[in-house]
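Reader: I am in my first year and would like to look closely at a single part of a protein model. Could you take me through it slowly and then connect it with what lies elsewhere in the chain?

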Amino acid sequence: MMWRSTGMRWRDGRAVLGWSVGGRGGRRESEPAVGRRLAFACRGGRRCLGVWRAGRYTQCPRAAEVPARGTRAQCQECARIDRSYSVAADTSVDDPRPYGVYLAYFGPGLLKVGITAVERGSARLLEQGAVAFVWLGRGPLMAARRAEGVLGGVLGVPDRVPYARKRAVRGELPGVQERMRELRECHARVWELAEWPESLSRLPFEPVDHSVEFGIPELESAVERAAGDGGGGVVVRELVEGGVVAGRLLAAAGPDLHLWSSWRAPGTGRQRTGVVVVDTRLMSGWGLVAVEAGDGAVGSGASGVEVSVPVVDEGWGAAAGGGVQGDLF
C-alpha cells in the first residue's frame with residue numbers, strides 16, 4: 001500500500017506533514033525544516049482520504065479519485081459525513097467545551113473574526129496562517145457564535161479572508177508595531193459593543209505574533225531578493241501524476257509551504273528564480289515520493305506541475321536538471 005499525504009497540521013507551534021496508509025490505520029508525521037531542501041514527485045493519483053474521527057482516518061470505502069484542484073481530498077460522501085459533525089458548518093450545536101472568540105490579522109486591512117475550542121489554543125490560528133491575533137472572549141459555543149455574528153454585522157469584520165489575499169501580502173508585511181496597532185484598535189471597538197453576549201467573558205488585549213513560527217523574516221528577505229533579481233514568484237495551483245516540486249524551504253504558514261525555487265516562465269520559456277508557494281491541501285490524497293532535483297525546480301517536462309503567475313500570466317512549469325537529494329519524509 002502507498003503512503004499518502006494528509007496535508008499539513010500545526011501542533012505545539014510547529015508545522016507537521018501527515019501521512020496515512022488506507023485500510024491499515026497506519027499514520028506517521030514529518031516536520032518540514034526551514035532552510036533544508038524539499039523535493040517530491042506525485043504518484044498513484046489523488047484519492048479520497050476518508051473521514052478523520054477520533055484521531056485517525058476512516059478509509060473511504062471506494063478509494064474514490066478526487067479532483068486535482070480541490071483543497072479537500074474527499075469525495076462527496078465523505079465530505080458530507082465530515083460536515084455532519086462540523087462546528088464550522090453550524091451542524092454541531094451541543095458541544096459542551098468552552099470556546100474562544102479571536103480576532104486574526106493577516107495583513108494591512110485583513111482582519112477576520114472566528115471561534116475555536118479553548119483546548120486547541122492557537123492551533124486554529126496557525127492553521128489559517130494568522131500572522132498575529134488576539135483573544136476577544138470566552139464562553140459557550142452558541143454565545144461565541146453570536147459574538148462572531150455581531151462583529152460581522154456591527155463592525156463589518158468578516159469571518160473569512162481568501163487564501164489568495166493572505167499569500168499576496170505575507171512576504172511584505174508592515175512591522176510588528178503596526179500589526180499590533182491595527183489589532184488594538186479593533187479590540188477596543190469590540191469592548192465598546194453593547195450587543196456582546198452576556199454569557200461570553202471579555203478578554204484583555206494580549207496579542208500574539210506568529211511571524212517567527214512561520215519564518216516570515218526569511219520569507220521577506222527572499223521576496224526582496226527575488227524582486228531585485230526580477231524573479232518574482234508563482235503559486236502552484238495543481239499537482240499532476242509525475243509532477244515534481246523542489247526547492248529550499250523558506251517558510252511554513254497556515255497550509256502553505258514557501259520554497260526558493262526555479263521555473264520556466266509560461267509563454268517565454270525563460271528560467272526564473274524566486275518564491276514558489278505550495279498549498280499543502282493540494283498535496284493531500286497524493287502518494288508523494290522523495291526525488292532528486294536540481295537547485296530547485298517546479299515541473300518535469302510533459303508531466304509537470306501547473307502554476308499560475310499572479311497578475312501576469314499562467315501556464316506549465318518545467319524542470320531544471322541537477323542532483324540534490326530532496327528531504328520529504
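Reader: Which residues does Ala-143 touch, not counting residues up to four places away in sequence?

Author: Please keep in mind that what you see is a predicted model. Leaving out residues up to four places away in sequence, Ala-143 touches Pro-197, Ser-199 and Leu-200. Ala-143 itself belongs to helix H3, which covers residues 141-154, and because its relative accessibility is 2%, where anything under 20% is called buried, Ala-143 counts as buried. A further value concerns Trp-196, which is 53 residues from Ala-143 in sequence, while the two C-alpha atoms are 9.0 Å apart in space.

Such links between distant places in the sequence can also be followed in the chain as a whole. If we take the contacts in the protein chain between residues at least 6 apart in sequence, 69% of them join residues at least 24 apart. The secondary structure of this chain comes to 8 helices and 20 strands, and of its 329 residues, 52% are buried. The protein chain exposes about 15000 Å², and carbon and sulfur atoms supply 50% of that area.

From H3 we can move on to helix H4, residues 163-170, whose buried residues are Lys-166, Arg-167 and Arg-170. Viewed down the axis of H4, these buried residues fall within an arc of 95°, and therefore they line one face of the helix. A general point helps here: an α-helix has 3.6 residues a turn, so residues three or four places apart point the same way. On the other side of H4, Ala-164 and Ala-168 are exposed.

One of the buried residues of H4, Arg-167, leads us to a strand, since its side chain makes a polar contact of 2.8 Å with the side chain of Asp-279. Asp-279 is found in strand E15, residues 271-279, and it is buried, because its relative accessible area is 5%, which is under 20%. When neighbours within four places in sequence are set aside, Asp-279 is in contact with Thr-71, Arg-167, Pro-255 and Asp-256. Another arginine, Arg-281, lies over the face of Tyr-163, at 4.0 Å from the ring centre. In a further case of this kind, the charged end of Arg-28 sits over the ring of Trp-3, 4.3 Å from its centre.

Rings may also pair with one another, and the count of aromatic pairs comes to 3. In one of them, the ring centres of Tyr-102 and Trp-135 are 6.4 Å apart and the planes stand at 80°, so this pair is edge-to-face. The pair links distant parts of the chain, for Tyr-102 is in strand E7 (residues 99-107) and Trp-135 in strand E9 (residues 132-139), 33 residues apart. Trp-135 also pairs with Phe-133: the centres of these rings are 5.3 Å apart and their planes are at 85°, so this pair, too, is edge-to-face. Tyr-102, Phe-133 and Trp-135 form one aromatic cluster. Tyr-102 is buried, with a relative accessible area of 1%, and Trp-135, at 19% relative accessibility, counts as buried because the limit is 20%. Phe-133 is buried as well.

Technical notes:
Residues numbered from 1 in each chain as written. Predicted model: local features only at pLDDT ≥ 70, side-chain atom pairs only at ≥ 80, totals over all residues. Heavy atoms only, no water. Helix = DSSP H or I, 4+ residues; strand = E, 2+ residues; numbered from the N terminus. Buried < 20%, exposed > 50% of the residue type's maximum accessible area, 1.4 Å probe, protein only. Contact = heavy atoms within 4.5 Å. Areas by Shrake-Rupley, 256 points an atom, 1.4 Å probe, with all protein chains shown as cover. Phe/Tyr/Trp six-rings, centres within 6.5 Å; stacked < 30°, edge-to-face > 60°. Lys NZ or Arg CZ within 6 Å of the ring centre and 35° of its normal. Polar contact = N/O pair within 3.5 Å; in protein donor to acceptor, adjacent residues only side chain to side chain. Arc of directions from axis to C-beta.
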